[in-house]
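Biologist: Could you take me through one part of this model up close? I'd like to know what it pairs with and what surrounds it.

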Amino acid sequence: MDQRFEAEYNTWLAKHISESRGERLRRLKYRHGFGEKLLLQQAWWPVVESLEFLYPEYELITPDGQYYYPDFVYIRPPQPTCLEADSFSSHARDADRDTFARGLDRQNEIEFANCHILRFSIDKLKEDPLSCQQHIRRMLEQWYEEEQPDLLALPLYQREIVRLAIRTVSPITVTMVCECLGKNRKFVYKQIDELVKTKWLEPASGAQRVRSYKLVSRGFVR
């Protein structure tokens, strides 16, 4: 258990509960639970290491007076991003044509509110958090033009290898890096070795002979 996350999460959630009223307060007390916390714990926190700018059960109101409460809204310029944790079992249990239509209407209204949206399945958060973290990294880079200062300080080819790892959902291989950089395997192995030594990458598979690499969680710095 990440004790720092637990402390930050509890303080953050208590703050939003104290500041909320009406339906949002009810949802924070009784509906904000396992799936929502799992999204933060497995996908968000390993990348960002902060809950700043993140609002749980944020209230969106449509022009015709409908209310929607995304699990989280990340509020930063140039536009907000909604993040949602979806349970397959609850969707399957409640599935009917009207429920399906309401779900589509909900997503459309979020888009009309000028928000990006990212959705994560609870199963994926449990079984493959790395790919969920990759989506958060891509969100920060592509929608908020955010890169870590120490990434910009890396040599050019090492920087491009890290960016490839950020863009790619699965761990990267030497072959992938060779194709990306247009360089031979000897050169690529040397660059990857440096990135492992400086704690940017770590082995993702293989015991005696490493076959792939993944990013080390470092936390985005603003």
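Modeller: Happily! In this predicted model, three bridges pair β4 with β5 in the antiparallel sense. The link between these two strands is a hairpin of six residues, and Tyr-74 sits opposite Thr-81 of β5. β5 also has a parallel partner, β6, joined to it by six bridges; there, Ala-85 lies opposite Phe-120 of β6.

Now for the two faces. Side chains in a regular strand point alternately to one face of the sheet and the other. In β5, Thr-81, Leu-83 and Ala-85 are on one side, with Cys-82, Glu-84 and Asp-86 on the other, and both sets are buried. Since six of the six residues of β5 are buried, the strand is largely enclosed by the rest of the structure.

Leu-83 leads us further inside. Along with Leu-40, Trp-44, Leu-54 and Ile-136, Leu-83 is among the residues with the most contacts in the largest nonpolar core, which has 28 residues. β4, β5 and β6 each supply at least two residues of this core, as do α1, α3, α6 and α7. The biggest share comes from α3, with eight residues.

Ile-136 ties several of these pieces together: beyond its neighbours within four places in sequence, Ile-136 is in contact with Leu-83 and Phe-120, as well as Ala-43, Trp-44, Val-47 and Val-48. Ile-136 is one of the buried residues of α7, including also Leu-130, Met-139 and Leu-140. That helix has 16 residues and spans 22 Å from its first C-alpha to its last, close to the 22 Å expected. Just past α7, Glu-145 adopts a positive phi of about 50°.

Note on methods:
Residues are numbered from 1 along each chain as its sequence is written. This is a predicted model: local features need pLDDT of at least 70, side-chain atom pairs count only at pLDDT 80 or more; totals for chains, interfaces and linings use all residues. Side-chain values use heavy atoms; hydrogens and water are left out. A nonpolar core is a set of buried Ala, Val, Leu, Ile, Met, Phe, Trp, Tyr and Cys residues joined through side-chain atoms within 4.5 Å. Buried means under 20% relative accessible area, exposed over 50%, partly exposed in between (1.4 Å probe, protein chains only). Helices (H or I, at least four residues) and strands (E, at least two) are DSSP runs, numbered from the N terminus. Contact means heavy atoms within 4.5 Å. The expected span of a helix is 1.5 Å times one less than its number of residues. Two strands pair if DSSP finds at least two bridges between them.
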